[in-house]
Amino acid sequence: MHCIKLYSLINTRKFLILFFLITQINSKFNEKGKQDVVDSHNKIRSQLALGNFVTKRKTKRAAGSNIRKFVWNTTLENSAHSFALTNPSKHSNINDIGENLFWHWSTRPGDFNKYGPQAANSWIQEFHEKYWDSNILTNALFGSGVGHATQMVWADTYQIGCAVTNFKEVHKKTGRPITKICVVCHYWPKGNYLNEPIYLEGSPCSKCESKKCDKNSGLCI
Ligand SMILES: *[C@@H]1O[C@H](CO)[C@@H](O)[C@H](O)[C@H]1NC(C)=O
């Protein structure tokens with residue numbers, strides 16, 4: 001009896017170690033996680049397109065006429081994943097791709113899929129913390145620290161792929177183990193061109209290049 005108990009204990013430990021390794025390696029979002037990331041971006045883009053996006057001034061931004069609906073792209077997911085695995089502390093500067101980064105530290109990280117929407121929420125916060133008074137991405141606007149938010153809503157961008165990784169660290173003050181979570185999103189075509197419009201003002205979908213509109217969201221498809 002004792003032996004069996006001991007054996008099962010060892011097995012549990014093996015299983016836990018294996019599970020730990022798997023969670024370390026398996027750093028892509030599951031299907032729902034991917035959809036949640038796309039949805040949290042499209043929700044914001046739709047608010048903007050329909051003229052419902054409220055800024056720090058408590059006023060709504062003018063409706064957007066050319067904002068495209070996001071779709072998932074596995075090439076972007078893979079590049080985001082490769083980069084996320086390097087435990088990045090700054091941007092990758094991969095050519096022709098937009099990139100947003102998010103870090104979070106937790107002693108109880110839970111399901112990593114939840115960090116997609118959490119990252120999107122933190123990026124869009126920039127528009128609630130800083131004034132957004134120009135639809136042209138001026139140096140001053142970009143310099144105010146809204147670059148993640150402007151990439152999120154950049155009208156011409158319509159493909160996204162993201163990944164989440166986690167790294168075990170030791171908390172500097174408490175000396176306890178802590179999990180660092182890193183979310184990377186890659187965007188294509190990239191946005192954030194200086195002195196170009198973030199989006200065009202006008203009634204929703206009136207300037208879709210495709211001439212096709214998703215009526216509910218007001219986004220070009
Ligand atoms: C996915 O994104 C890449 C850029 O990384 C782009 O070259 C490719 O055309 C996109 N795939 C599709 C199906 O549009």
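Biologist: What percentage of the 221 residues in the chain is buried?
Modeller: This is a predicted model: local features need pLDDT of at least 70, side-chain atom pairs count only at pLDDT 80 or more, and totals for chains, interfaces and linings use all residues. Numbering starts from 1 along each chain as its sequence is written. A residue is buried if 20 or more other C-beta atoms lie within 10 Å of its own, exposed if 12 or fewer, and partly exposed in between, with C-beta atoms placed from the backbone. By that cut-off, the buried share of the 221 residues is 37%.

Biologist: How many helices and strands does the chain have?
Modeller: Helices (H or I, at least four residues) and strands (E, at least two) are DSSP runs, numbered from the N terminus. Read that way, the elements go α-α-β-α-β-α-α-α-α-β-β-β-β. The tally is seven helices and six strands.

Biologist: In what order do the four strands of the open sheet lie?
Modeller: Strands count as paired if DSSP finds at least two bridges between them. Strand 3 (residues 159-170) and strand 4 (residues 177-188) are antiparallel over twelve bridges, and strand 4 also pairs antiparallel with strand 2 (residues 98-106), over nine. The pairing in the open sheet is mixed, and its order is 1-3-4-2.

Biologist: Which strands stand at the edges of that sheet?
Modeller: An edge strand here has a single partner strand, so one of its sides is left without a neighbour in the sheet. That's the case for strand 1 (71-72) and strand 2.

Biologist: Which residue in the turn between strand 3 and strand 4 has a positive phi?
Modeller: The two strands make a hairpin with six residues between them. The phi in question is about 75°, and it belongs to glycine 175.

Biologist: Which residue of strand 4 is the bridge partner of histidine 104?
Modeller: Look along strand 4 first: tryptophan 105 sits opposite lysine 180, and glutamate 169 is opposite isoleucine 178. Histidine 104, for its part, is bridged to isoleucine 181.

Biologist: Is tyrosine 115 buried or exposed?
Modeller: Tyrosine 115 belongs to helix 4, and helix 4 (residues 115-124) lies across strand 2, strand 3 and strand 4. Beyond four places in sequence, tyrosine 115 touches His104, Val164, Ile181 and Val183, where contact means C-beta atoms, placed from the backbone, within 7 Å. With 27 other C-beta atoms within 10 Å, tyrosine 115 is buried.

Biologist: Which element gives the largest share of the largest nonpolar core?
Modeller: A nonpolar core is a set of buried Ala, Val, Leu, Ile, Met, Phe, Trp, Tyr and Cys residues joined through C-beta atoms within 7 Å. The largest one has 48 residues, and those touching the most other members are Ala80, Val153, Ile160, Cys162, Val164, Val183 and Val184. Elements giving two or more residues include helix 2, helix 3 and strand 3. The largest share, six residues, comes from strand 4.

Biologist: How many charged residues are in the shell around the ligand?
Modeller: Around the ligand are Asn73, Thr75, Leu76, Ile97, Gln159 and Trp188, each with its C-beta atom, placed from the backbone, within 6 Å of it. Ala, Val, Leu, Ile, Met, Phe, Trp, Tyr, Cys and Pro count as nonpolar, Asp, Glu, Lys and Arg as charged, and the others, Gly among them, as polar. The shell splits into three nonpolar and three polar, and the charged count is no residues.

Terms used:
Two residues are in contact if their C-beta atoms, placed from the backbone, lie within 7 Å. Axes are lines fitted to C-alpha atoms, for helices over the stretch in contact, and angles run from 0 to 180 degrees between N-to-C directions.
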